Amino acid sequence: MVSGSGLLAVMVMLPFIGALVPGLMIRAGRDACAMFTAVPTLLALIFLGILAPEIMAGGTVTAKIEWLPALGLNANFFLDGLGLLFAGMILGMGLLITLYARFYLSGEDPMGQFYTYLLLFQGAMLGISVSDNILLLLVFWELTSLSSFLLIGYWKHLPEGRQGARMALTVTGAGGLAMIAGMLILGNIVGSYDLSVILQHGDEIRASEYYLPALILILLGAFTKSAQFPFHFWLPHAMAAPTPVSAYLHSATMVKAGVFLMARMWPVLAGTDEWFYIVSTVGLITMVIGALIALFKDDLKALLAFSTVSHLGLLTMLLGLGTKLAAVVAVFHIINHLTFKAALFMSAGIVDHETHTRDIKRLGGLASLMPATALIAVVAALSMAGIPPLNGFMSKEMMLEEVAHTDWWGGKWPIIILATVGALFSVAYSFRFIGHTFFGPVRDDYPHHPHDPPTGMLLAPGFLAVLVVAIGLAPSLIAGPIVAAASTAVIGGGELPYYSLKLWHGVNPALFMSIAAVLGGAVLLWLHRPLDKAWIRTPRPEAKAMFDRVVAGTVLGTRWLIEGTHNGAISRYLSIFVVATVLLGFAAFQGGGLPEQTREMLPVPPLVGVGFVLTMLATLATVFAHRNRFRTLILVSVVGLMVSAGFVYLSAPDLAMTQISVDTVTVMLMLLALHFLPKYTPLESPLSMRIRDGVIAVIAGAAVAALAYSFLLTDMSPISDYHLANSYKGGGGTNVVNVILVDFRGYDTYGEIVVLGIAGLTLYALMEALLNGPASRRLRNWTFPPDRSRDRHPLMMVVATRVMMPIAALVGVYIFLRGHNMPGGGFVAGLVISIALLMQYMASGFAWTQERKRFEYHAMIGWGVIIAGLTGAGAWLAGAPFLTSAFGYFTIPPFEEFELATAMLFDLGVFLTVLGAVMLMLYSLSRMARYAGETVNLEPMDYDPSRRVDAAIEADKKDDA
Amino acid sequence: MELVVATTIGGLTAAGVYLLLRLRAFPVILGLTLLTYAVNVFLFATGRLAVGVPPVLDDAATAYSDPLPQALVLTAIVISFGMTAVLVLIALGSALESGDDRVDVTEDANGEGDA
């Protein structure tokens, strides 16, 4: 069904798209803002309504959008009975909450923000309810945690709001992480991340050895989200949110996400002893404890919060029982709880709004002052208590009936008693909610004199209260079809068990339990005052304090770890890094033995032996003589030269050319830097530290050497054969290394020249900052050592570099041009030309040379990247992918046949970027010298023979003075 | 030959690591240079060693060395130059601001120095 799937996908998107609007529309006024929040919700609800008949008839609607198929992550949606129920609840409640919040929020609250968050949350919840892909579901799951964080902390000025938001995010976020692991295990067992596939493989999952870990991890996610014991503590603290948020998130939707997940996974996870005992026990404990605490809460919203905890426990327990009938009851109770609890939250919000307090002990007698609110609250609370003929009564009766037939921990009685006690507390706190708020004598010390709110605020709770009564009176008519559809989805299809939604089920065990609960509840309320005193005296574990201690402990531990390992001294990071790498390598070697050696060792000719000894000696000397920095620089360049020679010998001419030219530039760079660095490294580290570092270094070196030796003597099948075979045919060049750079792996090269260009610009920017920062003061007062050469620009050097310049440039061009077929190419050519230019700088000074420069180095980098990029993009014109190269052979007399390739244009980009970046870097460094008071010479050389000799002598004398 | 190359890599790594753990910026940069040599040779060597068979297509050639690691190392050499340059400048900056080029200054000590 094409149109259906399209509708479904659009429906999921609508809240997200709509979320952009309220933030903007708030300028048009609060009514417009609320209106524009309602529009996407209403549209989505209409779409849902269009899809509903098909679902009710037992069908499903799916929408598949491929996203990352390689990871099994697709934006697949499917709508079945359960999804329909939840989507309907989310959207319907969303509309009511939008209406209610319009009147609830005051003019000072940023309402646009509120509605944006609300729609984000709504979209995330909707996503959870219709996701077909569990990875996608996880994404939406985390989105609800994030958006609820924003909503709970909406009143940013309240510390409780911020703390509550943090706690909710921590607990539900941590649970979400556990659930990700569980879902991944589940996906691995089945081999698919699609829910519709997973749901078909229940037997396989339950038989898997990973069933229990997956179950526990997924339940952790569900229990934290649905505030099950012992994770229930975050929900009451989340009550710092504005009441519309509490009504929406914390009674109707988000906290039910855990229940939804358990229902969704019911066909595959339920039915085992582990499921039964874990889920039903946790649910039952939560139900009783939540109800008990609710009885002694004075804050109206806290009372409702714990009552929600208790009811969520009830739902969890029902799903945990694992029978089909219990699942049906759970579905029915989800609907009923939504109606009465949201109405109660809204009434509590109205009371708070009108009297400016939520403290039950300061309220009472409101029934005559705000009759409409009282009527709504009484109806809803009686339903919560399970009084006929309201809907809460029915689902509670069915729950008790179901419990009465269950063997739990070896008998019927424990669960019957506990469930009855839970129901009894529930009756007591429901009665207290209305009794102590609305009835009793009218007081004269309300913080604010109350009266009924504007009709707009009453509409939403009023509608819900009507539903409470309507479902109670005509359950099969109103709730029957959706309960049937959703239940069928929960139990995984097939025949529904026999049940009937009606008020009177005859005289059965549930009736007696119910009567006991109501009577007991009334007695408890009557005894509330002394009980309350006793409760206050009893020491109880305070969840907030415990949570804060855990957080503080974690912060302390983390700080200790960070300050120990990450204290700002780079030598510590590096030693940790090296030791960790060696240890990891060691651990990796434990896995399997070394591979068999299949290669013969190559002989070592005497010359290579000499080179090896030289390298080793230079390396050793570098280490032992590193305190004299100039000398070390020479030693290091010996090593570099030997490495280049090694590349020549081992058939890598391109590498040798690159290495030798890079080394040249590097040494120049280091020399420039040494100008302003200390010339000697003082002996600071104690002997013990040097020995420790030496041991680390030797172990690291030995490990790398062993690794290299081991793989050098084993064969492998490289992918390079492809490159060798296609270099000429496909890339038009015989120098395979160059063809790989500009063609096969052109994208990599493109990235690398961009990085190099960025490095050059970074250097320029850093130098700019440095010269304008505190360092510039030190630079201006710089005194150069007295033993400096006074012949800074010697005649011989100036003349030699001038002569060399065109030759070097010619060599550079030659290397560039032949690069495609012989060793060479853009990288090497760029370096060679920059060396030729740098020689001019060295000979005549930077300032002198800079004045004669025609091109800006920044621009050169930019042009290089642009040319390379345009060459790559040019391939699009030919209908080929980015950076596909083309080439052809041409003959123009009197030349020989020659080749033109687009790759050469790309290489030109490489050339320009390399040249520009290298020159920019060295130019930037040289700027420091002039800042430090280096004289700018106007002549190309210090002693110009064309000037008269005596004038030169005179000038010399002047210098001395 | 393989033993020679492996020893060279190991020696360069050891020297590089030792200098990397020194307390001044300049030896650290030199250590990084040596370590770069080691890593580049190591990467290059993953194509296995061969003498006299450069990867330049020729009808007379009987074998070629592995071109792919060479291409990778070529760009690595150029990039590491860029990184060295940035590092040198950072070292220069901190040396000019604090008067010496120590690298083991902790954040606390730094904060006091600034104040």
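This briefing walks through the contact between two chains, the nonpolar cores and one residue in a helix. The model is predicted, so local features need pLDDT of at least 70, side-chain atom pairs count only at pLDDT 80 or more, and totals for chains, interfaces and linings use all residues. Residues are numbered from 1 along each chain as its sequence is written, chains are lettered from A in the order in which they are written, and side-chain values use heavy atoms, with hydrogens and water left out.

**Where chain B meets chain A**
- About 8800 Å² is buried between chain B and chain A, and carbon and sulfur atoms give 79% of that; buried area is the accessible area (1.4 Å probe) that two parts lose on being put together, summed over both.
- In chain B, the residues that lose the most area to chain A are B:Arg48, B:Phe81 and B:Leu96, together 9% of what that side buries.
- There are 4 salt bridges between the two chains, a salt bridge being a side-chain nitrogen of Lys or Arg within 4 Å of a carboxyl oxygen of Asp or Glu.
- B:Asp101 and A:Arg629 form a salt bridge through their side chains (3.0 Å, N to O).

**Nonpolar cores**
- The largest nonpolar core has 205 residues, and A:Trp234 and A:Phe433 are among those that touch the most other members; such a core is a set of buried (under 20% relative accessible area) Ala, Val, Leu, Ile, Met, Phe, Trp, Tyr and Cys residues joined through side-chain atoms within 4.5 Å.
- Helix 16 of chain A supplies the largest share of this core, 19 residues; helices are DSSP runs (H or I, at least four residues), numbered from the N terminus.

**A residue in helix 16**
- A:Asp352 lies in helix 16 (residues 324-355) of chain A and is buried, at 16% relative accessible area.

How values were computed
Helices (H or I, at least four residues) and strands (E, at least two) are DSSP runs, numbered from the N terminus. Buried means under 20% relative accessible area, exposed over 50%, partly exposed in between (1.4 Å probe, protein chains only).
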